[in-house]
Amino acid sequence: MTTAVPTVVPGSFLTLHYRLAGPDGGDIVNTFADKPATLSLGSGELSPALEARMLGLQEGTRTVIQLDPGEAFGPRNPELVQRVALSLLRKLGDMNETWDVGDVVQFPTPDGQGAFAGVLREMGPAGEDWAVFDFNHPLAGQTVTFEVQLIGVL
């Protein structure tokens with residue numbers, strides 16, 4: 001009597017090792033040297049594109065999935081690059097905080113219940129009260145590599 005090998009379906013609970021790499025091949029997340037991750041498909045822990053690519057994989061599979069630019073984290077949206085008044089940042093946060101280009105800055109949501117992040121792209125000239133922030137996901141519009149080893153599928 002043979003037992004069917006568990007296969008990933010919508011809603012599967014997975015135990016897995018995975019590595020997410022950006023366009024330069026550098027690791028963004030890598031669990032292979034640590035404890036495996038556990039997650040449930042459809043819970044929002046992985047992008048829908050990654051979840052869709054995992055459907056049908058069998059327990060024990062180790063594979064590398066290449067996601068095209070924008071497929072994993074959406075396309076870059078130029079409307080999410082915005083000029084923000086530094087006085088507003090200081091009002092919402094630490095009055096004496098300073099930032100450098102490339103810093104990731106947390107912003108409170110309008111209701112104060114959550115936060116979102118933007119990357120500082122440009123500072124206004126001395127004496128001017130503005131900075132340009134990019135609120136796109138850092139991997140939006142980028143090629144992403146997802147390596148996965150399925151340890152368990154329930």
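Here is a quick tour of the strands, cores, ring pairs and a few single residues in this structure. Keep in mind that the model is predicted. The largest nonpolar core has 22 residues, and another core, of ten residues, lies apart from it. There is also an open sheet of four strands, and six aromatic pairs turn up in the structure.

**The largest core**

- Among the 22 residues of the largest nonpolar core, the ones touching the most other members are Val-8, Leu-14, Leu-16, Met-54, Phe-146 and Leu-150.
- Two or more residues each come from strand 1, strand 3, helix 1 (48-54), strand 4 (62-67) and strand 9.
- Strand 9 is the top contributor to this core, giving five residues.
- Take Phe-146 as a way in: leaving out residues up to four places away in sequence, Phe-146 touches Tyr-18, Arg-19, Leu-20, Leu-46, Leu-50, Met-54, Thr-63, Val-64 and Ile-65.
- As general background, nonpolar side chains tend to be buried together in soluble globular proteins.

**The other core**

- Apart from the largest core sits another one, made of ten residues, including Leu-86, Leu-89, Leu-120 and Phe-135.

**Rings**

- Of the six aromatic pairs in the structure, one is formed by Tyr-18 and Phe-146, with a tilted arrangement: 5.7 Å from centre to centre and 35° between the planes.
- That pair ties together parts 128 residues apart in sequence, because Tyr-18 belongs to strand 1 (residues 13-21) and Phe-146 to strand 9 (residues 144-153).
- Tyr-18 and Phe-146 are both buried.
- Elsewhere, Phe-107, Phe-116, Phe-133 and Phe-135 are linked into a cluster by ring pairs.
- There's a charge over a ring as well: the charged end of Arg-83 sits over the ring of Trp-130, 3.7 Å from the ring centre.

**Strands 1 and 3**

- Strand 1 and strand 3 run antiparallel and are joined by four bridges.
- Across this pairing, Leu-14 stands opposite Leu-39 in strand 3.
- In strand 3 (residues 37-40) the side chains alternate. Ala-37 and Leu-39 point to one face and are buried, whereas Thr-38 and Ser-40 point to the other and are not.
- Such alternation between the two faces of the sheet is what side chains do in a regular strand.
- Just ahead of that pairing, Ser-12 is placed in the segment before strand 1.
- Ser-12 counts as buried because its relative accessible area is 2%, under the 20% cut-off.
- Not counting neighbours within four places in sequence, Ser-12 is in contact with Thr-7, Leu-39, Ser-40, Leu-41, Val-153 and Leu-154.

**The open four-stranded sheet**

- The strand order in this open sheet is 5-8-7-6, and the pairing is antiparallel.
- Strand 5 (81-85) and strand 6 (104-108) are the edge strands, each pairing on one side only.
- On average, neighbouring strands of the sheet are turned by 45° against each other, ignoring direction.
- Inside the sheet, strand 7 (residues 115-123) pairs with strand 8 (residues 130-134) in the antiparallel sense over four bridges.
- Met-123 stands opposite Ala-131 in strand 8.

**Loop residues**

- The loop between strand 4 and strand 5 holds Ala-72 and also Asn-77.
- Ala-72 has 8% relative accessibility, so Ala-72 counts as buried, the cut-off being 20%.
- Setting aside neighbours within four places in sequence, the contacts of Ala-72 are Ser-47, Ala-49, Leu-67 and Val-144.
- Ala-72 and Leu-39 are 33 residues apart along the chain, and their C-alpha atoms are separated by 17 Å.
- Asn-77 has 29% relative accessibility and therefore counts as partly exposed.
- From Asn-77 to Gly-93, which are 16 residues apart along the chain, the C-alpha separation is 26 Å.
- In the loop between strand 1 and strand 2 (27-30) you'll find Gly-26.
- Gly-26 counts as partly exposed, at 28% relative accessibility.
- Leaving out neighbours within four places in sequence, Gly-26 is in contact with Leu-20 and Ala-21.
- Gly-26 and Thr-145 are 119 residues apart in sequence, with 9.6 Å between them in space, C-alpha to C-alpha.

Key: Residues numbered from 1 in each chain as written. Predicted model: local features only at pLDDT ≥ 70, side-chain atom pairs only at ≥ 80, totals over all residues. Heavy atoms only, no water. Phe/Tyr/Trp six-rings, centres within 6.5 Å; stacked < 30°, edge-to-face > 60°. Buried < 20%, exposed > 50% of the residue type's maximum accessible area, 1.4 Å probe, protein only. Lys NZ or Arg CZ within 6 Å of the ring centre and 35° of its normal. Pairing = 2+ DSSP bridges. Contact = heavy atoms within 4.5 Å. Axes fitted to C-alpha atoms, helices over the stretch in contact; angles between N-to-C directions. Core = buried A, V, L, I, M, F, W, Y, C linked by side-chain atoms within 4.5 Å.
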